[in-house]
Amino acid sequence: MSEIVNPGLTTAEVSARVSAGLTNKQDTSSSRKFSSILRANFFTLFNAIVGGSFLALLLLGQWKDALFGLAVISNILIGVIQEYRSKRTLDRISLLHAPHARARRNGELVDLKLEEIVMDDVLELRAGDQLLADAEVLYSDGLELDESILTGESEPVEKAIGSTLLASSAVSAGRGLARVTQVGSNTYASKITIEAKKFSLVASELRNAINKVIKWISYALLPFVIIAANGQMQAHGGWVQAITDGSWLEATVAAIASVIAFVPQGLVLITSITFAVAAMGLARKNVLLQELPAVEGLARVDVVCFDKTGTLTEGDIEFEAIELVGANSLGHEAILAYFGNDPDANATARCLAPAFSGHEKLKHTSSVPFTSAQKWSSFTFDGNKTWTLGAPEFVLEKGHTVLTRAAELAATGRRTLVLVHEDQPIALVTFREKIRSDAAQTVAFFREQGVSIRIISGDNPQTVAAVARDAGVQFEGDAFDAQNLPEDISELAEIMEQYTVFGRVTPEQKRNMVAALQLKGHVVAMTGDGVNDALALKKADMGIAMGSGSPATKAVSNLVLLDGKFSNLPGVVAEGRKVIANIERVSKLFLTKTTWALTLALTFGLLAWKFPFLPRQLSGIDSFTIGLPAFALALLPNPQRYIPGFLKRALSFTIPAGIAVALSVIALQVVAANQGWDNSDASRTATMVTMSVTGLWVLSTLARPLNGIKFGIFVGMFAVGVAIFTVPLATGYFGFSSLTWAQLAIAGGIGVAGGSLIELAARLQRNVR
């Protein structure tokens, strides 16, 4: 068919369409917007509570007692900087691979960016081009499109005049002209990704548990603030007296101290730091986290869903084997090499070039090119007659015995061609999709870890089953044809439990299949690279995109494998386990503090006792009993497998341990009052000694089993504690005074008594799962 003469749009026609808004401008970003990152890290309940207290102290001029505010600032900066770095990396990749199109305008061929395309533009298509808008074919010369990024179907699709071409698909063979019919958000690919691109936070048990605690605290905040503030004012002679003599300032600072003590601001900061350190380590391995909490996600997953094309496979096919079926096989390898090195060979035939040689001396006298309609091509050589390579059912006569064997090979998911010399079949040639070199290793890793696997693809079920077996996926029977899947989510959930491999799955079905697994209580990860995977990645608890995937897929994912190596996933699991296990350990330090702070705020407020320490004194003790050791413990290796129920286990220790600390402080106040040195620098110093002993006791129980590193951490923290109470510069800043030996013995003895109760709480907690 001769190519039609079509000059394309004129300049005036283009301008009219631009004015009418019929341009191809669309959001092709592969990452979150900076404003979204900023909002997610800035507008949190934690920042509101701690930040509000921080600003209150600054307004009151008490900057020495406002050190805890640095936790808010650091937490925001860590989250924003790390997640913005991930955004910039993905944006740079997207910019490097920004596609262009060739269009006819005013009778000339012009190069256009994606957003410069307008409705009715006439696009010139060649092999390797990517469609940037939906279009209708005007002219076709063997035009074939690879639509796997949209449908998952690996076989190229022939496109005739009048056929619809979808944005994001790619020209695999032939050439043609097409008129743009849909642009911007109206294209098929855009409609799929608009819903997927609505941002949602990654599922994080750690973040959810911490947010739950902060929410509980927020509910208790107002009544506790009222109780604490009233108690401190009453302790200073009542509201009128405190306001008259100016002691309201000391009472307000004490009230803020009681409030800020039960907010685990350090836990939020340590969690962010731990996530950030893990993210930086993974980035060095070409694994990019879109959100910091995503590092824990893969460690919690119990089902991983893999797409096939471009995920388990590299997206290309490769020569697999040749099976001789005829007597006259002399020279067939050189003939296959000739087919493979033909400049007009299709993608399948080109796979023969690396496998065979000897074609250099051959020269054909005539040929018939391959087309999708006839499914074969041929060459005729001088004195050697005609050789044909093509689909067996199109080349051989119906009923030929070789067709039976060809059908058997095709049933295993192999693409099968037959080589014929004249009318004599010589060999069956099989091809398969190229499995990623590390796919089998990664599949085996998840199986050993007790993680179930599902293969979900839009391709032919037989092909999907063959690829799954080649990748090491173990399953019985055949792949399930998704055309037979029920729409009812409960029925779908039962099928998802019974079957492992699925073919002919639509994008909407992929999303529903993930939801069905979640309905059964599974934590689901979904890997993919195409637009057709975006909805499922969005729905999954952990969305994993390949670095070579579509911008939309990477934008909605939680984690991106920049180099496409599955072998990096076990490293992500290891980092996630370390983060989860270590944060669970250090969270007990902070939540113990929350418990005793709530208890003390309530007790001292109701009894109208002066609060026994200043905010800066609490910050000093926190540094060596909670903050510094928590940071060190959070970064240590920890291979412990993930066990659900983090918050339940944490509270089973922290509530009794925190009450033990509070009782120790209350006991000290009673003794100090009986001996006449309560409400003094000495009583505040003694209180801090008691809390140092109980705090270090909590640390020692949570660091077990001790090894050299943990023992070193404990000794180091003990040394820091001694320095805070003895070095003049520190004692002056924190407001500590010298204690008599009797006072020191009382404070230390009560601390040891509290430690024995903490020890009992630790023993009881070991039975909680």
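These legends go with a few close-up views of a predicted model.

**View 1. A nonpolar patch on the surface.** Here five side chains come together at the outside of the protein: Phe 34, Leu 38, Phe 42, Phe 43 and Tyr 84. Added up, their accessible area is about 500 Å². Which helix gives the most to the patch? That's H2, running over residues 34–42, with three residues. Phe 34 sits in this helix. Its relative accessibility is 37%, so Phe 34 counts as partly exposed; the cut-offs for that class are 20% and 50%.

**View 2. Helix H29 and its cover.** H29 takes in residues 741–765, which makes 25 residues. From the first C-alpha to the last, the helix reaches 36 Å, close to the 36 Å you'd expect at 1.5 Å a residue. Take a look at which of its residues are buried: among them are Ala 747, Gly 748, Ile 750, Gly 751, Gly 754, Gly 755 and Ile 758. An α-helix has 3.6 residues a turn, so residues three or four places apart point the same way. Keep that in mind as you go along the buried residues of H29, which also include Glu 759, Ala 762 and Gln 765. What covers them? Part of the answer is three other helices: H23 (569–607), H25 (646–675) and H26 (681–702).

**View 3. Phe 480 meets Tyr 499.** The structure holds 15 aromatic pairs, and this view shows one of them, Phe 480 with Tyr 499. The two rings are edge-to-face, with 4.8 Å from centre to centre and 65° between the planes. The pair ties together distant parts of the chain, 19 residues apart. Phe 480 belongs to strand E17 (residues 480–481), while Tyr 499 lies in the loop between helix H19 (489–498) and strand E18 (501–503). Is Phe 480 buried or exposed? With a relative accessible area of 14%, Phe 480 is buried, since buried means under 20%. Tyr 499 has 32%, so this partner is partly exposed.

**View 4. Phe 604 meets Trp 609.** Here's another edge-to-face pair, this time with 5.3 Å between the centres and 85° between the planes. Phe 604 has just 1% relative accessibility, so it counts as buried. Trp 609, at 29%, is partly exposed.

**View 5. A cluster of rings.** Which residues do ring pairs link into a cluster? You're looking at Tyr 338, Phe 339, Phe 379 and Phe 381.

How values were computed:
Residues are numbered from 1 along each chain as its sequence is written. This is a predicted model: local features need pLDDT of at least 70, side-chain atom pairs count only at pLDDT 80 or more; totals for chains, interfaces and linings use all residues. Side-chain values use heavy atoms; hydrogens and water are left out. Patches are made of residues with over 30% relative accessible area and no salt bridge: like charges are joined within 9 Å, nonpolar side chains (Val, Leu, Ile, Met, Phe, Trp, Tyr) within 5 Å. Accessible areas come from the Shrake-Rupley method with a 1.4 Å probe; for residues, only the protein chains shown count as cover. A salt bridge is a side-chain nitrogen of Lys or Arg within 4 Å of a carboxyl oxygen of Asp or Glu. Helices (H or I, at least four residues) and strands (E, at least two) are DSSP runs, numbered from the N terminus. Buried means under 20% relative accessible area, exposed over 50%, partly exposed in between (1.4 Å probe, protein chains only). The expected span of a helix is 1.5 Å times one less than its number of residues. Contact means heavy atoms within 4.5 Å. Rings of Phe, Tyr and Trp (its six-membered ring) pair if their centres lie within 6.5 Å; planes under 30 degrees apart count as stacked, over 60 as edge-to-face and the rest as tilted.
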